[in-house]
Amino acid sequence: MKPVYMDNNATTQVAPEVLEAMLPYFHELYGNPSSMHSFGGQVMKQVRKARGQVATLLGASPEEIIFTSCGSESDNAAIRSTLASYPDKKHIVTSRVEHPAVRALCAHLATHGYRVTELPVDSEGRLDMEQYKRALTPDTAIVSLMWANNETGVIFPIQKAAEMARERQIIFHTDAVQTVGKIPLNLADTPIDMLSLSGHKLHAPKGIGVLYLRKGTKFSPFLIGGHQERGRRGGTEATPSIIGLGVAAELAQKRMDLENTFVKGLRDRLENTILKTVSNTKVNGDRDNRLPNTANISFEFVEGEGILLMMDEFGICASSGSACTSGSLQPSHVLRAMGIPFTMAHGSIRFSLSVYNTDEEIDFVIEKLPPIIDTLRSMSPYWKTGAQFCREA
Ligand code: PLP
């Protein structure tokens with residue numbers, strides 16, 4: 001059975017064009033781009049091309065692109081590098097809704113002499129910019145705020161936040177893993193010093209990421225080794241993946257309009273129909289300021305895991321909370337930070353779409369989902385009594 005795949009914020013399928021571009025670099029053109037011979041040199045040319053393609057998507061220069069292994073590595077490199085470059089500064093500003101690649105790292109750093117301010121969000125997942133302003137101090141080494149949230153799709157006001165950090169000469173990093181390819185970015189006009197992206201969220205393979213490093217930003221390599229990436233990240237380049245990411249970046253640029261018309265249209269139809277046909281449902285996150293592909297919907301008095309299992313029988317793939325936190329029965333840290341009541345948070349499902357979804361797939365989910373919720377609710381004593389089945393410890 002072909003899956004009805006609506007879990008694109010967890011990972012995406014590699015685009016056929018990307019796969020095709022990668023294949024020769026495994027078995028025909030396998031030279032090391034650092035080699036002196038022309039067999040390696042021709043691969044270096046393609047790596048250079050890919051660097052340019054990624055830079056164009058971001059509105060950056062090719063020298064500002066550092067290839068890494070994933071979004072998590074880019075996040076770690078950005079934050080650790082800045083702390084190493086500014087050893088006298090011991091304060092980090094971030095938010096409560098970051099991905100674990102930032103959040104767990106900051107929690108770790110908090111046990112190693114750093115002070116971490118985790119900014120709260122409101123019930124719609126929005127930052128309070130006055131609170132953000134107050135958090136910035138002369139001791140702040142870095143601000144790390146995600147551009148868009150992986151669970152709700154809520155977009156933070158990164159332009160404004162970066163400007164405020166710049167005015168205070170504080171390094172500004174953004175985790176744009178979910179943002180790149182979904183909304184247009186132009187780093188030439190945005191005072192961001194560092195940005196993370198991940199290939200497998202934009203139809204490139206897993207195991208390739210990018211750290212954008214603005215020209216002139218101090219950098220202390222995270223991976224020390226050879227001279228690759230201008231000495232900023234040692235290790236022989238993952239040439240097939242880099243070349244694939246270049247093609248994916250070009251595709252993303254071409255498809256940006258589709259994301260904001262076709263994909264958004266599918267998402268809105270899915271969301272609006274569910275809200276209309278299933279009672280006691282709510283969309284989580286600021287509906288006016290979200291990624292076009294993400295719908296996080298709560299079904300009151302139902303367990304998200306139950307919904308996922310029953311949808312799985314029809315081949316429908318979605319997520320409850322982030323893929324990294326599912327497996328735990330705790331509602332996600334994002335929904336908890338937003339203060340979503342437990343009866344709602346437990347039954348939250350994230351549908352995340354891509355250009356490969358179809359109208360027919362939306363019809364299929366709209367048909368299958370309401371009876372699933374009815375079945376689960378008919379088994380729930382809490383649905384009948386309206387009692388809370390879960391309280392925060
Ligand atoms: N940041 C965000 C917002 C994410 O959604 C993810 C992955 O889910 C990551 C970072 C980690 O990226 P990677 O899987 O490439 O390490």
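**Exercise 1. The surroundings of Ser61**

Leaving aside its neighbours within four places in sequence, with which residues is Ser61 in contact? Locate Ser61 and classify its exposure in this predicted model.

*Solution.*
Step 1. Ser61 sits in the loop that runs between H3 and E2.
Step 2. Once neighbours within four places in sequence are set aside, Ser61 is in contact with Ala55 and Lys215.
Step 3. The relative accessibility of Ser61 is 19%. Buried means under 20% relative accessible area, so Ser61 counts as buried.

**Exercise 2. The chain as a whole**

Determine how the radius of gyration of the protein chain stands against the value for a compact globule, and describe the secondary structure, burial and contacts of the chain.

*Solution.*
Step 1. For 393 residues, a compact globule would have a radius of gyration near 21 Å. The protein chain has 22 Å, which agrees with that expectation.
Step 2. Taken along the principal axes, the box filled by the C-alpha atoms is roughly 70 × 50 × 30 Å.
Step 3. The protein chain contains 14 helices and 12 strands.
Step 4. Of the 393 residues, 57% are buried. The accessible surface comes to about 16200 Å², and carbon and sulfur atoms account for 55% of it.
Step 5. Consider contacts between residues at least 6 apart in sequence: 75% of these join residues at least 24 apart.

**Exercise 3. The seven-stranded sheet**

Give the strand order of the open sheet and explain why E2 and E4 each have one side without a neighbour in the sheet.

*Solution.*
Step 1. The order of the seven strands is E2-E8-E7-E6-E5-E3-E4, and the pairing is mixed.
Step 2. Strand E2 (65-68) and strand E4 (115-119) are at the edges, and each has a single partner strand, so one side of each has no neighbour in the sheet.
Step 3. On average, neighbouring strands of this sheet are turned by 20 degrees against each other, direction ignored.
Step 4. Two helices lie across parts of the sheet. Helix H3 (residues 38-58) lies across E2, strand E7 (194-198) and E8, at about 115 degrees to E2. Helix H7 (residues 158-167) lies across strand E5 (140-146) and strand E6 (171-175), at about 160 degrees to E6.

**Exercise 4. Edge strand E2 and residue Ile242**

Describe the pairing and the two faces of E2, then identify the contacts of Ile242.

*Solution.*
Step 1. E2 runs antiparallel to strand E8 (residues 209-213), and four bridges join the two.
Step 2. Phe67 stands opposite Val210, while Thr68 has Gly209 as its bridge partner.
Step 3. Both faces of E2 are covered, with Ile65 and Phe67 buried on one side and Ile66 and Thr68 buried on the other.
Step 4. Ile242 belongs to helix H9 (residues 239-277). With a relative accessible area of 1%, Ile242 is buried.
Step 5. Apart from neighbours within four places in sequence, Ile242 is in contact with Val47, Ala50, Phe67, Ile208 and Glu237. Phe67, one of these contacts, is among the buried residues of E2.
Step 6. Ile242 and Phe301 are 59 residues apart along the chain, and their C-alpha atoms are separated by 45 Å.

**Exercise 5. The buried side of H5**

Which residues of helix H5 (residues 100-110) are buried, and what covers them?

*Solution.*
Step 1. The buried residues are Ala101, Val102, Leu105, Cys106 and Leu109.
Step 2. These residues span an arc of only 120 degrees around the axis, which puts them on the same side of H5.
Step 3. Their cover includes helix H4 (71-85), strand E3 (91-95), E4, E5 and E6.

**Exercise 6. Strand E12**

Establish how many residues of strand E12 (residues 348-352) are buried, and describe the pairing of E12 with E10.

*Solution.*
Step 1. Five of the five residues of E12 are buried.
Step 2. Ser348, Arg350 and Ser352 are on one side, with Ile349 and Phe351 on the other, and both faces are covered.
Step 3. Strand E10 (residues 294-299) pairs with E12 in the antiparallel sense over five bridges. Within this pairing, Ala295 stands opposite Phe351.
Step 4. Arg350, a residue of E12, has a relative accessible area of 1% and is buried.
Step 5. From Arg350 to Ser220 the C-alpha distance is 37 Å, with their positions 130 residues apart in sequence as the separation.

Conventions:
Residues are numbered from 1 along each chain as its sequence is written. This is a predicted model: local features need pLDDT of at least 70, side-chain atom pairs count only at pLDDT 80 or more; totals for chains, interfaces and linings use all residues. Side-chain values use heavy atoms; hydrogens and water are left out. Two strands pair if DSSP finds at least two bridges between them. Axes are lines fitted to C-alpha atoms, for helices over the stretch in contact, and angles run from 0 to 180 degrees between N-to-C directions. Contact means heavy atoms within 4.5 Å. The radius of gyration is taken over C-alpha atoms; the globule rule is 2.2 Å times the number of residues to the power 0.38. Buried means under 20% relative accessible area, exposed over 50%, partly exposed in between (1.4 Å probe, protein chains only). Accessible areas come from the Shrake-Rupley method with a 1.4 Å probe; for residues, only the protein chains shown count as cover. The arc is that of the directions from the helix axis to the C-beta atoms.
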